[in-house]
Amino acid sequence: MNVDDIRIAFDSGSLTTLKIVLGLILFGIAMDTRLSDFRLALRKPRAFAVAVAAQFALLPALTFLLTLLLGVQGSVALGMILVACCPPGNVSNILTHRARGDVALSVSLTAVGNVLAIVMLPLNFAFWGHLHPTGREYFAEISVAPWDMLSEVLLVIALPFALGLTVSHLLPQVAARTHRVVGVLSFVALGGIIVIAVANNWSLFVAYIGVVAVAVFLHDALALGLGYGIARGFRLDVPARKAMTFEVGVRNAGLGLLFVFSFFDGLGGMALVAAWWGVWDIIAGLVVAVVWARHSTTNTENREVTT
């Protein structure tokens, strides 16, 4: 059977749970955000301009070209484009901290990226999806309108983010105590949802994971490389390069899964790409972060010996 013809089973109860968990993730991100994080954009306009261009213009465009170069099937191409259009998640902040990068910049970029994604995600996905030669047919079949996707993003991103930002501003001590718990629990819950979905569709996952594994590997490498390359090209300092690498390279694949099950009826290639990206992205990002952290430690020790 063709990967474009399969559907991943995901019932309405699981879909509702996924929406709640994603909302909690954004709520946790917002509680760790201060209004000063947005003002940082005014103090570091070059870094923010580079990040916005990389995430919302270059990554979707390069992903589109990668799907053509690899010649992947329509559903796989749409899955890759969808993931590229998703905003960064709070995992990028954790990886930046682990890599000894600019955490303040990372948190600020995550906040700004999620706010911009409210509009840019549905518009970007609709544009590149309709443009794709093998992916556009699925838009025609289900008549996905940007407004439908925008309303979903408003519910899952904008509302919980606004609530979390309100708590952060009015009750900073409460936000400081609870955001870590909310973040960890929601992240674990999202992982659990993905594991359950894979387990319920294990035979399909095993049969078709090879179709998407190479594509996801190359796509993730492209995203991480773009973040680092553009930061280095614009001569940002090393801590900022680390932050930019993870802000561009780490995508909220859980949000992509929500789109797949809400609008594409669990379309095979899309669901497999989003699910496997959510796993592989963390593995690859953690490897990069650990290597960077060890390199930083080695350099520090060498400087201490020299002095």
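**Exercise 1.** At what angle do helix 5 and helix 6 pack, and how far apart are their axes? Work out the relative direction of helix 5 and helix 6, then describe their contact.

*Solution.* Keep in mind that this is a predicted model.
- Step 1: helix 5 covers residues 91-98 and helix 6 covers residues 103-131; they pack at about 170 degrees, and their axes lie 9 Å apart.
- Step 2: angles over 145 degrees count as roughly antiparallel, so helix 5 is roughly antiparallel to helix 6.
- Step 3: helix 5 brings S92, N93, T96 and H97 to the contact, while helix 6 brings V103, S106, V107 and T110.
- Step 4: sorted by class, this contact of helix 5 with helix 6 has six polar, two nonpolar and no charged residues.

**Exercise 2.** Compare the expected span of helix 3 with the distance between its end C-alpha atoms, then look for a kink.

*Solution.*
- Step 1: helix 3 has 26 residues (residues 45-70), so at 1.5 Å a residue it should span 38 Å.
- Step 2: its end C-alpha atoms are 35 Å apart, which agrees.
- Step 3: a kink of about 40 degrees in helix 3 is centred on A54.
- Step 4: just after helix 3, G71 has a positive phi of about 65 degrees.

**Exercise 3.** Find where pLDDT stays under 50.

*Solution.*
- Step 1: the chain's average pLDDT is 85, and 92% of the residues score at least 70.
- Step 2: pLDDT stays under 50 over residues 300-307, where the model has zero contacts beyond four places in sequence.

Notes. Residues are numbered from 1 along each chain as its sequence is written. This is a predicted model: local features need pLDDT of at least 70, side-chain atom pairs count only at pLDDT 80 or more; totals for chains, interfaces and linings use all residues. Side-chain values use heavy atoms; hydrogens and water are left out. pLDDT is the predictor's confidence in each residue, from 0 to 100. Contact means heavy atoms within 4.5 Å. Helices (H or I, at least four residues) and strands (E, at least two) are DSSP runs, numbered from the N terminus. The expected span of a helix is 1.5 Å times one less than its number of residues. The bend at a residue is the angle between axes fitted to the seven residues ending there and the seven starting there. Axes are lines fitted to C-alpha atoms, for helices over the stretch in contact, and angles run from 0 to 180 degrees between N-to-C directions. Angles under 35 degrees count as roughly parallel, over 145 as roughly antiparallel, 65 to 115 as roughly perpendicular and the rest as oblique. Ala, Val, Leu, Ile, Met, Phe, Trp, Tyr, Cys and Pro count as nonpolar, Asp, Glu, Lys and Arg as charged, and the others, Gly among them, as polar.
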